[in-house]
Amino acid sequence: MSDQPKYIELRPKIFNPDTILVYLDKVDKQFANAEIEYSNFKDQVQEVFDYVVSERMDNEKISVSLAKVKASNDERYKKVKADFSKSHKLYLYYKIRSKLAHSYCENLKQQSINVIATEKLTRN
């Protein structure tokens, strides 16, 4: 059993354009989905904060600055911030993974070109 992540184990071993397209498509879709989730949580953080501030101001009749302080300690806000942090980490992971996958496949292509060039040169 390998200690490598599954995406490394499943990557193409030889240059085959069809296989590479399927592999990169999957990796890029995962990255896009992570980016969408990250963006959604980013929006939610501000919305929840604004809602909690407004709620505190209305219910407790306190100033904006005090309502913001209390909102920062509100469990709803802390939860959405934690979810946002997790989605940000996942987004960065898939972003790096996508870049590495593209680089790896580009390297496979170059290796294939080198093999063809070497074969042509040694035949002559």
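This report describes the overall form of a predicted model, then helix H4, the residue at its start and the aromatic side chains.

## Overall form

The secondary structure of the protein chain consists of four helices and zero strands, and read along the sequence it follows the pattern α-α-α-α. The radius of gyration is 24 Å, well over the 14 Å that the globule rule gives for 124 residues, so the chain is more spread out than a compact globule. Taken along the principal axes, the C-alpha atoms fill a box of roughly 90 × 30 × 20 Å.

Of the 124 residues, 26% count as buried. Among the contacts with a separation of 6 or more, 67% are accounted for by residues 24 or more positions apart.

## Helix H4 and what covers it

Helix H4 covers residues 75-123. It has 49 residues and reaches 72 Å from its first C-alpha to its last, which is close to the 72 Å expected at 1.5 Å a residue.

The buried residues of H4 include Tyr77, Val80, Asp83, Ser87, Tyr91 and Tyr94, and further along Arg97, Ser98, Ala101, Tyr104, Cys105 and Leu108. An α-helix has 3.6 residues a turn, so residues three or four places apart point the same way. What covers the buried residues of H4 includes helix H1 (6-9), helix H2 (17-60) and helix H3, the last of these being residues 64-72.

## Asp74 at the start of H4

Asp74 lies in the loop between helix H3 and H4, and it caps the N-terminal end of H4, with a side-chain oxygen 2.8 Å from the backbone nitrogen of Arg76. The side chain of Asp74 also makes a polar contact, at 3.1 Å, with the side chain of Arg56.

Leaving aside neighbours within four places in sequence, Asp74 is in contact with Val52 and Arg56. Its relative accessibility is 6%, and because the cut-off for a buried residue is under 20%, Asp74 counts as buried.

## Aromatic pairs

The structure holds five aromatic pairs. One of them is formed by Phe49 and Tyr77, whose rings are tilted, with 5.0 Å from centre to centre and 55° between the planes. Phe49 lies in helix H2 and Tyr77 in helix H4, so this pair ties together parts that are 28 residues apart in sequence. Both partners are buried, Phe49 with a relative accessible area of 14% and Tyr77 with a relative accessibility of 12%.

The rings of Tyr93 and Tyr94 have their centres 5.2 Å apart and their planes at 70°, so that pair is edge-to-face. Ring pairs also link Phe31, Tyr38, Phe84 and Tyr91 into a cluster. In addition, the charged end of Arg11 sits over the ring of Tyr104, 4.1 Å from the ring centre.

## Tyr94 and its surroundings

Tyr94 has its place in helix H4 and is buried, with a relative accessible area of 17%, whereas its ring partner Tyr93 is partly exposed, with a relative accessible area of 38%.

Leaving aside neighbours within four places in sequence, Tyr94 is in contact with Gln30, Phe31 and Ala34. Tyr94 and Ser63, by comparison, are 31 residues apart in sequence and 42 Å apart in space, taken from C-alpha to C-alpha.

How values were computed: Residues numbered from 1 in each chain as written. Predicted model: local features only at pLDDT ≥ 70, side-chain atom pairs only at ≥ 80, totals over all residues. Heavy atoms only, no water. Helix = DSSP H or I, 4+ residues; strand = E, 2+ residues; numbered from the N terminus. Buried < 20%, exposed > 50% of the residue type's maximum accessible area, 1.4 Å probe, protein only. Contact = heavy atoms within 4.5 Å. Polar contact = N/O pair within 3.5 Å; in protein donor to acceptor, adjacent residues only side chain to side chain. Expected span 1.5 Å × (residues − 1). Phe/Tyr/Trp six-rings, centres within 6.5 Å; stacked < 30°, edge-to-face > 60°. Lys NZ or Arg CZ within 6 Å of the ring centre and 35° of its normal. Rg over C-alpha atoms; globule rule 2.2 N^0.38 Å.
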